[in-house]
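Take a moment to turn the structure around and get a feel for it. Then let's walk through it together, one piece at a time.

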Amino acid sequence: MMDFDKLLATTIEAAKTAGKMIAESRPQHVTRKEGGESLASQVLTEVDEKSQRMILEILKPTIEEFDLALLAEESEDDHSRFEKEYFWCIDPIDGTLPFIDGIPGYSVSIALVARDGTPHIGVVYDPVEHNCWHAVRGGGIFKNSKPWKLRDHGTPLQLITDRSFKNNPRFFQTLEKLELDEHSQVRMTGGAAMNAVWVLENAPACYFKFPKLGKGGGSIWDFAATACLFAEAGAVATDFAGNPLDLNRADSTFMNHRGILFATDAQLAEQIKNRLR
């Protein structure tokens with residue numbers, strides 16, 4: 001039987017331990033790895049690898065005790081996630097590009113995901129502001145160990161998005177359809193996990209990626225932890241058609257096939273889908 005309280009405590013410990021190391025580090029060597037079509041999915045630093053080693057060292061006893069599988073960005077997918085009841089889903093530095101550039105927007109993101117793709121634990125640690133968001137399925141969302149509630153600020157809609165979206169052929173058309181001012185209502189600096197967290201912190205807000213044919217669209221580890229946070233906040237984390245995120249995709253770890261949509265409420269999510277069809 002899963003001890004989710006124990007697993008959560010271990011997850012938070014792992015995220016904070018790695019996050020504090022990241023906060024004290026600067027990348028010395030940037031290399032390229034095989035990834036999706038975007039630069040963000042191809043860059044790797046020695047700090048990414050060190051962070052993953054630290055996380056795995058802390059999580060390893062839980063893998064053995066609870067017979068868990070593992071999916072981590074800087075390790076080869078061994079497909080054990082299709083066999084075990086649950087798997088750890090780890091992004092040791094989500095937002096490597098902002099980390100390299102020395103700007104906010106990077107984080108440690110760890111989730112515990114069931115074989116059916118349901119996230120049961122989500123932890124995101126921000127090494128810049130030293131904030132930690134966590135959630136366990138059915139237990140609400142917390143920020144720095146205190147219960148947290150989504151609050152609509154009554155401000156104009158904010159679009160939080162990847163910086164690569166500026167080069168998308170649909171960028172200006174999207175702004176026009178959503179009636180957004182590029183200079184005051186669009187934020188393009190963070191990785192996927194912090195982008196999603198910023199959506200929660202800046203309601204009404206959204207973050208999405210259109211479905212596409214090529215490899216990319218982020219990977220399972222980019223969205224698993226924040227999908228748990230959003231579920232517990234009563235917000236929306238779905239694919240672009242409104243279906244649950246495919247967080248244990250059988251044929252790939254990429255999420256390009258169905259896109260992603262994070263929004264602070266269901267009505268806003270429907271408005272976005274209708275306007276962008």
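At what angle do α5 and helix α6 (residues 220-233) pack, and how far apart are their axes? The angle is about 15 degrees, and the axes lie 8 Å apart. Before going on, know that this is a predicted model, where local features need pLDDT of at least 70, side-chain atom pairs count only at pLDDT 80 or more, and totals for chains, interfaces and linings use all residues. Residues are numbered from 1 along each chain as its sequence is written, and side-chain values use heavy atoms, with hydrogens and water left out.

A word on the names and angles: helices (H or I, at least four residues) and strands (E, at least two) are DSSP runs, numbered from the N terminus. Axes are lines fitted to C-alpha atoms, for helices over the stretch in contact, and angles run from 0 to 180 degrees between N-to-C directions. Angles under 35 degrees count as roughly parallel, over 145 as roughly antiparallel, 65 to 115 as roughly perpendicular and the rest as oblique.

Back to our pair: with that angle, α5 is roughly parallel to α6. Their crossing is right-handed (the near helix is turned clockwise from the far one by less than a right angle; anticlockwise would be left-handed). On the α5 side, A192, A193, A196, V197, V199 and L200 meet D222, F223, T226, L229, F230 and A233 of α6; here a contact means heavy atoms within 4.5 Å. Sorted by class, that makes ten nonpolar, one polar and one charged residues. (Ala, Val, Leu, Ile, Met, Phe, Trp, Tyr, Cys and Pro count as nonpolar, Asp, Glu, Lys and Arg as charged, and the others, Gly among them, as polar.) Helix α5 (residues 192-201) is also mostly covered, with nine of its ten residues buried, where buried means under 20% relative accessible area, exposed over 50% and partly exposed in between (1.4 Å probe, protein chains only).

Now look at the start of the chain. Helix α1 (residues 4-23) and helix α2 (residues 46-66) have axes that come within 9 Å and cross at roughly 165 degrees. That makes α1 roughly antiparallel to α2. The contact involves many residues, including L7, A14 and I22 of α1 and V47, I55 and F66 of α2. By class, the contact of α1 with α2 has eleven nonpolar, five polar and four charged residues.

For another angle, try helix α4 (residues 171-178) and helix α7 (residues 266-276): their axes come within 9 Å and cross at roughly 125 degrees. So α4 and α7 are oblique to each other. T174, K177 and L178 of α4 make the contact with I272, R275 and L276 of α7.

Next, zoom in on V108, found in strand β5 (residues 107-114). Is V108 buried or exposed? It counts as buried because its relative accessibility is 0%. Leaving aside neighbours within four places in sequence, V108 touches, among others, A18 and I22, as well as S51 and I55. Its C-alpha atom is 5.6 Å from that of V124, 16 residues apart along the chain.

Finally, step back. The chain has seven helices and 14 strands, and 55% of its 277 residues count as buried. Residues 24 or more positions apart account for 65% of the contacts with a separation of 6 or more. A compact globule of 277 residues would have a radius of gyration near 19 Å, and the chain's 17 Å agrees with that (taken over C-alpha atoms; the globule rule is 2.2 Å times the number of residues to the power 0.38).
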